[in-house]
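Visitor: I'd like to poke around this fold one question at a time. Could you put it up on the screen so we can start?

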Amino acid sequence: MRPVVIYGGSFDPPHRGHMALAAAALRQLRPAALYFVPGFRTPFKDLRPVPFAGRAALLRAALAGAGLGGRKEIKISSFEADLKRVVYTWETVAHFRRLHPGAPLFILMGSDCLAGFGNWRRPGFILKHAGLLAGLRPGFAIHRTAGAPFTALAGRFPRADSTGIRAELFLGGRPAQLHREVLKRIEKKGLYLGRERALLKKLLSKKRYAHSLHTAELALRLAPAAGAPQQKAALAALLHDCARDLPRAGRERLFLKRATRSALPALTLKEAPVLAHAWAGAAVAAEKFGVRDPEVLQAIELHSTGAPGMGPLARLIYLCDLANEGREHPGAGLVRKLAFKDLGEAFRAANYVKLVHAFSGGGWVHPLSVALWNSLREKKKG
Ligand SMILES: [Fe+2]
Ligand SMILES: [Fe+2]
């Protein structure tokens, strides 16, 4: 009886590494069926992956790009996506065992994934019903993954870095690890924040748009250390200045919609009306971009003044707005360097640099910025 191969993953998005593994499995095992099983949502990854139907379409595009488009044995299964929850591999194995009684089952994976097999749920059940089929990826040699018996696929496979690919996509890049067909579909459908970037481009000057991209670039690099999900960091950073280039009257009207008492609305408009763009930005993000996430909205709202008690995402955006590569101010480079060593200290330094700049200009300083400084000093003393 010919074997059946199960290939689970988030495929968010599917890349050349996925296709290389699938092609090798087809060559080596000549299976009766190879199922791609996109997960509903993988823990510890992004909050909001592209929905199943979207990822299935991207998979078909990647298969076409890899020259596997016409292969009848390849199927895309909605088993995990349909359950609308995190599905463990043993459950998927049980499902395909029922579907193909008697056929040898194999779970296809990269060797980096195999290294974590010991932490999977019910490994005994999985090994009783299925074999592990692994392609070797650079840096993950066989001896490091010993502990579970597995069949190795011939060949070496490109390192899969979905996080890096998504970061590039969020910034409007065209990652080389993706097939042309996949990129085309991502662009056409405005996936991976493409829709948001297109709308933002219409609202901002060229210079401001470039600044937003620079801010997002740094936010994506620092997001893991900040404990902020990749997609949220990119979204908040891209949109933080979305109201900056609106005409003053409109900006102020939107500001008044969102500003809380602690923002001192009347005083802010009198003394430093430019600061209104931050709260107005949160209003635009909610109304025009459909952002509902309170953390993203808070990050936009507080990016300019800061405030005591900001959440991790808001702190990240505040920092990246000041310290990104596009800033020429010498303080920006120093804060950026510090951020890769100690994010908390860099955040405090960002607040310091902004306050010094404001004081040296001799102008009015927003009480929220001063309150932020005091709250950070108190924490340090404590
Ligand atoms: Fe701003
Ligand atoms: Fe900014």
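Visitor: In β5, which residue is the bridge partner of Leu105?
Guide: Bear in mind that this is a predicted model, so local features need pLDDT of at least 70 and side-chain atom pairs pLDDT 80 or more, while totals for chains, interfaces and linings use all residues. Residues are numbered from 1 along each chain as its sequence is written, and chains are lettered from A and ligands numbered from 1 in the order written. Strands here are DSSP E runs of at least two residues, and helices H or I runs of at least four, both numbered from the N terminus. β4 and β5 (residues 130-136) pair in the parallel sense over six bridges, pairing being at least two DSSP bridges between two strands, and in β5 the partner of Leu105 is Ala130.

Visitor: Is Ala130 buried or exposed?
Guide: Buried takes 20 or more other C-beta atoms within 10 Å of a residue's own, exposed 12 or fewer, and partly exposed lies in between, with C-beta atoms placed from the backbone. Ala130 has 23 C-beta neighbours inside 10 Å, so the verdict is buried.

Visitor: Leaving aside its neighbours within four places in sequence, which residues is Ala130 in contact with?
Guide: A contact is two C-beta atoms, placed from the backbone, within 7 Å. Ala130 is found in β5, and three of the names will look familiar from the β4 side. The list is Val93, Leu105, Phe106 and Ile107.

Visitor: How far apart in space are Ala130 and Ile6, C-alpha to C-alpha?
Guide: Ile6 stands opposite Ile107 in β4, as β1 (residues 4-9) and β4 pair in the parallel sense over three bridges. In sequence Ala130 and Ile6 are 124 residues apart, but in space the figure is 9.5 Å.

Visitor: How many of the residues of β4 are buried?
Guide: Take β4 (residues 105-110) one side at a time. Leu105, Ile107 and Met109 on one side are buried, and so are Phe106, Leu108 and Gly110 on the other. That leaves the strand mostly covered, the count being six of its six residues.

Visitor: Over to the helices: are α15 and α16 roughly parallel or antiparallel to each other?
Guide: Axes are lines fitted to C-alpha atoms, for helices over the stretch in contact, with angles running from 0 to 180 degrees between N-to-C directions. Those of α15 (residues 276-287) and α16 (residues 294-301) come within 7 Å and cross at roughly 150°. Under 35 degrees counts as roughly parallel, over 145 as roughly antiparallel, 65 to 115 as roughly perpendicular and the rest as oblique. The pair is therefore roughly antiparallel.

Visitor: How do the residues of the contact of α15 with α16 divide?
Guide: From α15 come Ala278, Trp279, Gly281, Ala282, Ala285 and Ala286, and from α16 Val296, Leu297, Ile300 and Glu301. Ala, Val, Leu, Ile, Met, Phe, Trp, Tyr, Cys and Pro count as nonpolar, Asp, Glu, Lys and Arg as charged, and the others, Gly among them, as polar. The split is eight nonpolar, one polar and one charged.

Visitor: What covers the buried residues of α16?
Guide: The buried ones in α16 are Val296, Leu297, Ala299, Ile300 and Glu301. Their cover includes α12 (230-239), α13 (248-258), α15 and α17 (312-323).

Visitor: At what angle do α11 and α17 pack?
Guide: Thr215, Leu218, Ala219, Leu222, Ala223 and Ala226 in α11 (residues 206-226) meet Pro312, Leu316, Ile317, Cys320, Asp321 and Ala323 in α17. Those contact residues divide into 10 nonpolar, one polar and one charged. The axes are 9 Å apart, and the angle is about 140°.
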